[in-house]
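Here is a short tour of a single protein model, from its overall layout down to a few individual residues. Please keep the sequence and the 3D view at hand as you read.

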Amino acid sequence: YLVRNQRHMLERIKPTDRKSREIVTLPGMPQFRTTCRLDGDYTLKVSDIYKHFDDSIGAINDFEHRDHLFEVPLRTICRKDYPNILTAGRSASGEGYAWDCLRVIPPAIITGQSAAEVACLAIDTGVAVSNVDIKALHKKLEEDNIMVHFPDSYVPEDKTIVIHGVCQNGHF
């Protein structure tokens, strides 16, 4: 896999002006974007854009399209079958473009901080991570300056969704 891809890359750059770039090295390991993720009690999907969730642990957006807003439900970072397992960022339960939004650093920070708060609440109250008091969690997250729910005023009038350069025109 690596040798084939490195040969392919070298073949593509051979005809270009070698003085216009400095290649120090080529990737030395496979660059898989998705290796594993939790099969959470809920999987965030593209169709969840602009939706509010009662168990939201943070509002996120696409860094390329700031008005593509998602709320991340607690259920995407835990599973009832596993009372003491939490995840965050790229291993959260998401699919397609919604996972693309979850996997990058700012949403990973939000889901990571939220997971830490969930763990603390679960320990303090002696409950499974999926059963923490959502109102208490929201209070703590808001004290930590996490936007739990995006204001409806942030939702654009034109809800055209652009995914990887392709307009979805609000249809999923």
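## Layout and confidence

Four helices and six strands make up the secondary structure of the protein; helices (H or I, at least four residues) and strands (E, at least two) are DSSP runs, numbered from the N terminus. Read from the N terminus, the elements follow the order α-β-β-β-β-α-α-α-β-β.

This is a predicted model, in which local features need pLDDT of at least 70 and side-chain atom pairs count only at pLDDT 80 or more, while totals for chains, interfaces and linings use all residues. Residues are numbered from 1 along each chain as its sequence is written, and side-chain values use heavy atoms, with hydrogens and water left out.

The mean pLDDT (the predictor's confidence in each residue, from 0 to 100) of the protein is 88, and 85% of its residues reach 70 or more. Confidence is highest in helix α4 (residues 134-143), at a mean of 98, and lowest in strand β6 (residues 166-167), at 68.

Of the 172 residues in the protein, 37% are buried, where buried means under 20% relative accessible area, exposed over 50% and partly exposed in between (1.4 Å probe, protein chains only). Taking contacts (heavy atoms within 4.5 Å) between residues at least 6 apart in sequence, 61% join residues at least 24 apart.

## The largest pocket

Rolling a probe the size of a water molecule over the atoms shows where empty space is left. On a 1 Å grid over the protein atoms alone, a cavity is a set of points where a 1.4 Å probe fits but cannot get out, and a pocket is an open set with protein on both sides within 12 Å along at least five of seven lines; lining residues have an atom within 4 Å of a point. Grid points are joined across faces, edges and corners, and a volume is the space filled by probe spheres set on the points.

The largest pocket holds about 170 Å³ of space. Its lining consists of Ala59, Ile60, Asn61, Phe63, Leu69, Val104, Pro106, Pro107, Ile110, Met147, Phe150 and Tyr154. The elements that contribute two or more residues to this lining are β1 (56-61) and α3 (105-125). By residue class, the lining has 11 nonpolar residues, one polar and no charged; here Ala, Val, Leu, Ile, Met, Phe, Trp, Tyr, Cys and Pro count as nonpolar, Asp, Glu, Lys and Arg as charged, and the others, Gly among them, as polar.

## Residues worth a visit

Let us start with Ser56, which is found in strand β1. Ser56 counts as buried because its relative accessibility is 0%. Beyond its neighbours within four places in sequence, Ser56 is in contact with Glu71, Val72, Pro73, His138, Val148 and His149.

Tyr50 sits in the loop between α1 and β1 and, at 11% relative accessibility, counts as buried. Phi of Tyr50 is near 70°, a positive value in a residue other than glycine. Not counting residues up to four places away in sequence, Tyr50 touches Asp67, His68, Leu69, Phe150, Val155, Pro156, Lys159 and Ile161. Tyr50 and Phe70 are 20 residues apart in sequence, with their C-alpha atoms 5.7 Å apart in space.

Thr43 also lies in the loop between α1 (2-13) and β1. Its relative accessibility is 14%, so Thr43 counts as buried. Among the residues that Thr43 touches, not counting those up to four places away in sequence, are Arg37, Asp48 and Glu95.

The side chains of these three residues make the polar contacts below. A polar contact is a pair of N or O atoms within 3.5 Å; within protein, one must be able to donate a hydrogen and the other to accept it, and residues adjacent in sequence count only if both atoms are side-chain atoms.

| Side chain | Partner | Distance |
|---|---|---|
| Ser56 | Gly58, backbone nitrogen | 3.2 Å |
| Ser56 | Val148, backbone oxygen | 2.5 Å |
| Tyr50 | Asp67, backbone oxygen | 3.0 Å |
| Thr43 | Ser93, side chain | 2.8 Å |

## Two further loop residues

Is Asn145 buried or exposed? At 72% relative accessibility, Asn145 counts as exposed. Asn145 is placed in the loop between α4 and β5 (162-163), and has a positive phi of about 65° although it is not a glycine.

Ser130, in the loop between α3 and α4, counts as buried at 16% relative accessibility. Leaving aside neighbours within four places in sequence, Ser130 is in contact with Leu74, Cys78 and Lys80. Ser130 and Asn84 are 46 residues apart in sequence and 8.5 Å apart in space, C-alpha to C-alpha.
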